[in-house]
Structure formats: structure tokens, C-alpha cells
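Student: I should like to work through the fold of this chain with you. May we proceed element by element?

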Amino acid sequence: MNTKTYAGIAKEHAALETSKIVLIPVPYDGTSTFQKGADKGPDAFLHASENMELYDIETQTEVYRQGVYLADAITENSSPEAVVDAVHKKTKEFILRNKFVTIFGGEHSISIGTIRAFNECFDNLTVLHIDAHADLRKEYEGSSCNHACAVYEASQTTNLIQVGIRSMDVAETTVLDEDKTWFAHDMATDEYWMDNVIEALGDNVFITFDLDALDPSIMPSTGTPEPGGLLWYETLDFLRQVFEEKNVVGFDIVELCPREEDKSSDFLAAKLYYKMLSYKFAGEDAGEEFESNFNQEKNTITKFKDSNND
Ligand SMILES: [Mn+2]
């Protein structure tokens, strides 16, 4: 059991039963290829979160009052496949408890598990993939659970929308859907990209946010920093609109690779996470019941078991 709470919030806002939000840390870095260190991401993110102001000026809210339960970290690391399975299972378990589930990685392969869980629980899922890399390889270095394959499964099973892409292998061009992809070099000169992306999203949206989507000038602490990324205010502007217009059912943030000499990236990740929660719950009273709208029919057996426990 965790003794510490997310962002150092009081225990009354951090209990599982009463929290609307669940945060699952996944300190895993088994398949990254350029720089190691994403396994240290969750700790650096949590540490920075403890030093962050909890009033959000823009939404005039204190979203932690909705309750944030910090789950035990997933420490499975025996194989990429076992990690994906563990993440899938834990994510689904909390979705079926009617929580708003968020996951902090770890490298991007963990998202294969998070996306699979959300796709099993929500109808017509759109996966909004914000990343510098296409991550569409079917297999890489002998595994389909490699970070380079993070959204291949999603490309086959969900409405996958890719934003910020500026690096890929020629083999991925056969999988990539140009109508559902916003390349960074086009976004740089297209003032309507946000509107167009939002139009391509279905109602139920899961966001997988690879921090290397951001420009290395503001996010240097990531495994493979690529030039020409998103900046802070355009990112927030875009996310705010997505949360306002769609039912965002959950999100993950991955690929924070902390470095001793740069704490600003850790802090950015902490702030980005909190901003996304603030946007999600901006119009909601802390006392209001949370309805995630997962498909109960598809998941009757687990739901039945779950309600017996309550
Ligand atoms: Mn990436």
C-alpha cells in the first residue's frame, strides 16, 4: 500500500472509495533504444507534483478535491508482454470501478495495455495519439510490445488520430492513415489544425500523450527528443478544447526520462497532468457523482462481481 498521496494532498481527498480519479504509475523501461531512464519518470513526476500549486488559475478550480487515488506502481518487468498484460489488467479493474483512470509511464509500450483496456470498456473508442513518432510498427526487435509498436494495435482496433508526428520509418507508411494524421511540419503553418483534429475525433476519446511530442526546448528530458514539437500554450489550448467538446475517458502520459540537471521537464509533466485533470472536471462539483459511461453490458460479469464487493 502507498503511504504517500498524489501531490501530498490530504488523506480525505486520496481514498480509493471516494476518489473519482485514479493514478497508476508504471515505472517501466525495458524496450527503449536511444536513452534509458523512463523507469525513473513516475518518481520524478510525483516529486515535482508535490511541489506544485494546486489551484488552477485558468479553470478557477482545485481539481484534487474530486479525489485522486494513487495506486501502487506496476512493477512487473519480466518481459514486454507481461508488462502490457499487467497494465491492461490493472487499468481495466479501475475503469470497471467507475473511476477516471490515468496512467503515468514509463516508456510508450505500456500504452498497448492501457488502450486495450479502454477499448474493451468504451464503445467506438478514438485514440488521440500525441507524439513525435508514428509508433506504428507491427513488431520491433522481436516483440509486438515494443515502444515502437505503441499504437499499431490501436490503428487496427480503434479510430486512431495521430498528432505532432515528425519521425517515422518508411515501413510505417503502409499502416499510417494520412487522413487521420497531423504531421508537425503541416501543423506549423496550418491555423486550423486543432479544429480539424477535433472534427476527426469520435465522442469517446482516450489520449495517449508521449512527452516527446513537445518541443525539446521545453521538454528536453525525454528518451528521443525530436526538433519541431508542440509548445506549451498551443498544447493546452488544444487539450482544453478536446476536453470541452468530447468525452475524454482517460489518458496516459509517457516517456519522461528525468535528468539530474533539468528539473523543469519533471515540473512540466506534473503541470500537464494536473491541467488535463482540471480541464476534465472543470464543470463538475466535487460532490457530484462521477459517471464514466463505460459499457456495462460488455462487461457484465466483472461489474456484477464488483458491485457485490461494494
Ligand atoms: Mn515518441
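The exchange below takes up the sheet, the helices and some individual residues in turn.

Student: On what basis are the residues numbered and the features accepted?
Tutor: This is a predicted model, in which local features need pLDDT of at least 70 and side-chain atom pairs count only at pLDDT 80 or more, while totals for chains, interfaces and linings use all residues. Residues are numbered from 1 along each chain as its sequence is written.

Student: Which strands stand at the edges of the sheet?
Tutor: Helices (H or I, at least four residues) and strands (E, at least two) are DSSP runs, numbered from the N terminus, and two strands pair if DSSP finds at least two bridges between them. Eight strands form an open sheet with parallel pairing, in the order β2-β1-β3-β8-β7-β4-β5-β6. Each edge strand has a single partner, so one side of it is left without a neighbour in the sheet. The edge strands are β2 (68-70) and β6 (181-183).

Student: What is the average twist from one strand to the next?
Tutor: Angles run from 0 to 180 degrees between N-to-C directions, and axes are lines fitted to C-alpha atoms, for helices over the stretch in contact. From one strand to the next, the twist averages 15°.

Student: Which residue of β3 is the bridge partner of V22?
Tutor: β1 and β3 run parallel and are joined by six bridges. Within this pairing, the partner of V22 in β3 is V101.

Student: Is β4 largely enclosed or open, and which of its residues point the opposite way from T126, L128 and I130?
Tutor: A residue is buried if 20 or more other C-beta atoms lie within 10 Å of its own, exposed if 12 or fewer, and partly exposed in between, with C-beta atoms placed from the backbone. Five of the five residues of β4 are buried, so the strand is largely enclosed by the rest of the structure. T126, L128 and I130 point one way, and the residues pointing the other way are V127 and H129.

Student: Which residue of β5 stands opposite T126?
Tutor: β4 pairs with β5 (residues 159-165) in the parallel sense over five bridges. In β5, the residue opposite T126 is N159.

Student: Which elements do the buried residues of α2 pack against?
Tutor: Helix α2 (residues 80-95) has 16 residues and reaches 23 Å from its first C-alpha to its last, close to the 22 Å expected, where the expected span is 1.5 Å times one less than the number of residues. Its buried residues include P80, V83, V84 and V87. Contact here requires C-beta atoms, placed from the backbone, to lie within 7 Å. The buried residues of α2 pack against β1 (21-26), β3 (100-105) and α3 (110-121).

Student: At what angle does α3 run to β8?
Tutor: α3 lies across β1, β3, β4 (126-130), β7 (204-210) and β8 (247-254). Its angle to β8 is about 170°.

Student: How are α1 and α8 oriented to each other, and which residues of α8 make the contact?
Tutor: The axes of α1 (residues 41-50) and α8 (residues 264-280) come within 8 Å and cross at roughly 75°. Angles under 35 degrees count as roughly parallel, over 145 as roughly antiparallel, 65 to 115 as roughly perpendicular and the rest as oblique; α1 and α8 are therefore roughly perpendicular. A44, F45, H47, A48 and S49 of α1 meet, from α8, D266, F267, A269 and A270.

Student: Which elements do the buried residues of α1 pack against?
Tutor: Seven of the ten residues of α1 are buried, so this helix is largely enclosed by the rest of the structure. Among them are G41, P42 and L46. The buried residues of α1 pack against β1, β3 and α8.

Student: What is the phi of N124, and what is that of E141?
Tutor: Most residues other than glycine have a negative phi, and most peptide bonds are trans. N124 lies in the loop between α3 and β4, and E141 in the loop between β4 and α4 (152-157). Both phi values are positive in residues other than glycine. Phi is near 45° for N124 and about 50° for E141.

Student: What is the omega of the cis peptide bond that joins G105 and G106?
Tutor: G106 is found in the loop between β3 and α3. For the cis bond joining G105 and G106, omega is about 20°.

Student: Which residues are in contact with G250, leaving aside its neighbours within four places in sequence?
Tutor: G250 lies in strand β8. With 28 C-beta neighbours inside 10 Å, G250 counts as buried. Its contacts beyond those neighbours are F100, V101, T102, F118 and F206.

Notes:
Two residues are in contact if their C-beta atoms, placed from the backbone, lie within 7 Å.
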